[in-house]
Amino acid sequence: MKRIKTWGLVALLVLVALEVLTIAPKKLGTAPDPEVDKPEEKKSGETPPPSTVATMSQTMQGVHLVETGGGRKQWELDSQVAQGFKDKGTWKLQGVKVKFFSLNGSIYSVTGHDGDVQMETKDMFIEGNVVTTTSEGYVFKTKSLKYSAQEKSLTTPDAVRIIGPKTQGTFQVDGSGFRADLQNSSMKLEHNVRAIKQITSNGGQPPTMGATSDDQDGVKIMNIKSERSYVNGKTSEVHFEDQVQVDIEAIRMTGNQADFLYDKKTKALASLLMQGNVRVTDQEHWAASQYAQVLFKQNEFVLYGNPRINQSGNELRGQEIRFLKGGKEVKVSKAKARMEQDGAASASNRMNLLTKGFSKGATQ
């Protein structure tokens with residue numbers, strides 16, 4: 001019995017020894033090297049952060065772009081430097097030159113220091129000494145200009161100066177709130193219009209009034225003011241409206257609107273037509289009518305639409321009052337006179353003095 005217990009104790013010791021040899025090394029051995037941090041796996045459906053590559057710009061030298069639509073060229077752009085931003089779809093421009101093509105064949109050539117073009121809408125903005133030249137000879141200058149691809153227009157709220165066309169002598173129009181419609185080649189100024197028109201007796205454009213025998217070849221300046229103005233780029237006709245005032249030397253004409261009309265064949269300035277509550281004044285006389293027309297080629301000035309001339313209370317009326325030879329002669333159709341009684345001259349003599357006096361005032 002003792003022998004059995006002894007062998008059992010030996011067997012137990014052997015088992016304990018085996019456990020120490022097989023198990024202890026796993027717990028007491030050298031600790032394993034720490035694992036290198038691994039990047040976290042992306043969760044399903046998680047949006048990755050925006051890439052910085054997408055916001056980086058691309059700069060190019062000597063860029064040339066052409067936009068077409070409806071089977072024709074819309075615009076053609078050249079830029080010395082262009083910088084594009086992929087995420088915005090906008091190109092920043094330096095040294096800009098653009099040609100816009102209107103539906104009726106007119107071309108508007110625009111230059112400016114800087115600008116940008118939106119590649120999705122094709123809208124454009126140009127600023128810095130912006131100069132635009134039309135194929136008809138007009139030049140207009142402003143600080144900035146915006147092109148709308150949808151409206152086919154050029155606009156700016158800034159002050160604008162329009163000059164031209166050169167073939168018609170000096171015609172300068174200043175104002176603000178500018179819009180050029182590329183579909184019909186018209187230009188519009190919305191506010192505070194001031195204009196200067198040069199008229200000469202040369203080349204079929206004699207002065208309206210004020211020309212003397214010694215000054216038939218002289219150059220005279222016509223100053224115009226109004227609230228709004230429209231310029232037809234094709235026909236060169238210029239329209240002024242709202243509180244129109246025209247000054248030619250000592251004579252002032254006012255009315256609701258005025259139009260400078262050109263001869264379709266010769267392209268020369270043919271006439272100035274004023275309409276609506278027209279009033280003509282000089283230092284001693286005044287005249288009123290619904291219409292007043294200056295005929296440049298004929299060197300005549302016509303009042304019609306209940307016209308009348310007044311001097312010191314003496315009034316001359318007629319169906320039409322026409323100043324001939326630049327105002328040196330007056331012709332009245334169906335004349336009627338109302339004279340103040342002073343006994344110094346007959347009514348007919350005072351009528352002659354009145355018409356001659358106004359003519360003399362017009363020629364001074």
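**Exercise 1. Work out whether V219 is buried, partly exposed or exposed in this predicted model, and place V219 in its surroundings.**

Solution.
- Start with the accessibility: V219 has a relative accessibility of 49%.
- Next, bring in the cut-offs: buried means under 20%, exposed means over 50%, and partly exposed is in between.
- V219 therefore counts as partly exposed, given its 49%.
- Now look at the backbone: V219 belongs to strand β10, which covers residues 219–226.
- Finally, turn to the surface: V219 joins I196 and I221 in a nonpolar patch there. Together these residues have about 220 Å² of accessible area.

**Exercise 2. Decide whether T134 is buried or exposed, then find its contacts beyond the sequence neighbours within four places.**

Solution.
- First locate the residue: T134 sits in strand β5, residues 124–134.
- Then check its accessibility: T134 counts as buried because its relative accessibility is 6%, and the cut-off for buried is under 20%.
- Last, set aside the neighbours within four places in sequence: T134 is then in contact with I107, Y108 and F140.

**Exercise 3. Describe the whole protein by its secondary structure, burial, contacts and exposed area.**

Solution.
- Count the elements: the protein has two helices and 21 strands.
- Add burial: of the 364 residues, 40% are buried.
- Consider the contacts between residues at least 6 apart in sequence: 41% of them link residues at least 24 apart.
- Close with the surface: the protein exposes about 21200 Å², and 52% of that comes from carbon and sulfur atoms.

Notes: Residues are numbered from 1 along each chain as its sequence is written. This is a predicted model: local features need pLDDT of at least 70, side-chain atom pairs count only at pLDDT 80 or more; totals for chains, interfaces and linings use all residues. Side-chain values use heavy atoms; hydrogens and water are left out. Helices (H or I, at least four residues) and strands (E, at least two) are DSSP runs, numbered from the N terminus. Buried means under 20% relative accessible area, exposed over 50%, partly exposed in between (1.4 Å probe, protein chains only). Contact means heavy atoms within 4.5 Å. Accessible areas come from the Shrake-Rupley method with a 1.4 Å probe; for residues, only the protein chains shown count as cover. Patches are made of residues with over 30% relative accessible area and no salt bridge: like charges are joined within 9 Å, nonpolar side chains (Val, Leu, Ile, Met, Phe, Trp, Tyr) within 5 Å. A salt bridge is a side-chain nitrogen of Lys or Arg within 4 Å of a carboxyl oxygen of Asp or Glu.
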